[in-house]
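Work through the exercises below with the sequence and the 3D view open. Each one sets a task and then solves it step by step.

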Amino acid sequence: MKPTTRGTLAAAVTGVAAAVAAVGAAAVPAAAAGTVPIPVPLDGVEKSLNMEVPKLGMELPLLMPGAPEGPRYVEGRLLPDRALPQLPLSGGLPGVDLRAPLPHVLGDRFDHVGVSAPAGDLRTLAPGLSVDAPLTAPNPNNFGLPGLKQPEVGLLAPVVQTVAGGDLGAGPGL
């Protein structure tokens, strides 16, 4: 293969790789939106039974791990604080959208019921661990040797933060 052919082929492969990387980078924000919609197709059941069936759609969250806060030095301790750091995760609560026929239980004007619970943000922190050795810092009055003390162990509790919401409605032909 001639050097010019090799150079042309290398330039073409590089251009294709750059285009694929650009398309992949553009697709990441769409996937990072937080939820994946899941439609539940019931149209075939409605046509085969010749009756109105509920309409259902869902949203499933995508979990995104975050960067943990690393251990930090605390004066007077041999081991750093938060030896096992808490791992943050963010995602969402699943969402649901349901519309169903209602057989005139509440009167003629209320023939459908609808429930809508949008996907909500969810932030969590995994449990962590804080440990300290049963030794003090080196003591200059004791020839630089550490003294003894009670060992310390602390469990950092998990954290869950979210705000859930939803709507319930009844009316004609929702």
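A residue is called buried under 20% relative accessible area, exposed over 50%, and partly exposed in between (1.4 Å probe, protein chains only). The model is predicted, so local features need pLDDT of at least 70 and side-chain atom pairs count only at pLDDT 80 or more, while totals for chains, interfaces and linings use all residues. Residues are numbered from 1 along each chain as its sequence is written, and side-chain values use heavy atoms, with hydrogens and water left out.

**Exercise 1.** Decide whether Asp 81 is buried or exposed, and find the residue that its side chain joins in a polar contact.

Solution. Strands are DSSP runs of E with at least two residues, numbered from the N terminus. Asp 81 sits in the loop between strand 3 and strand 4. Its relative accessible area is 13%, so Asp 81 is buried. A polar contact is a pair of N or O atoms within 3.5 Å; within protein, one must be able to donate a hydrogen and the other to accept it, and residues adjacent in sequence count only if both atoms are side-chain atoms. The side chain of Asp 81 has such a contact, of 2.8 Å, with the side chain of Ser 130. Contact in the wider sense means heavy atoms within 4.5 Å. Not counting residues up to four places away in sequence, Asp 81 touches Pro 71, Arg 72, Val 74 and Ser 130.

**Exercise 2.** Describe the surroundings of Ser 130 and compare its accessibility class with that of Val 153.

Solution. Ser 130 belongs to strand 8 (residues 128-132). Ser 130 is buried, at 11% relative accessible area. Leaving aside neighbours within four places in sequence, its contacts include Arg 77, Asp 81, Glu 152 and Val 153. Val 153 is part of strand 11 (residues 152-156). With 67% relative accessibility, Val 153 counts as exposed. Under the four-place rule, Val 153 touches Leu 129, Ser 130 and Val 131. The C-alpha atoms of Val 153 and Asp 132 are separated by 6.4 Å, although these residues are 21 apart along the chain.

**Exercise 3.** Give the order of the open sheet of 4 strands and explain what its edges lack.

Solution. Two strands pair if DSSP finds at least two bridges between them. The order is 3-4-7-12, with antiparallel pairing. Strand 3 (64-65) and strand 12 (159-162) are at the edges; each has a single partner strand, so one side of each is left without a neighbour in the sheet. Strand 3 pairs with strand 4 (residues 88-92) over 2 bridges. Pro 65 stands opposite Leu 89 in strand 4.

**Exercise 4.** Find which strands each supply at least two residues of the nonpolar patch, and how those strands are joined.

Solution. The strands are strand 1 (35-40), strand 2 (55-61) and strand 5 (95-101). Strand 1 and strand 2 run antiparallel and are joined by 6 bridges. In this pair, Val 36 stands opposite Leu 60 in strand 2. Strand 2 and strand 5 also run antiparallel, with 5 bridges. There, Gly 57 is opposite Asp 97 in strand 5.

**Exercise 5.** Locate Phe 143 and state what is notable about its phi.

Solution. Phe 143 lies in the loop between strand 9 (135-139) and strand 10 (145-148). Its phi is positive, about 60°, although Phe 143 is not a glycine. Phe 143 counts as exposed, at 78% relative accessibility.
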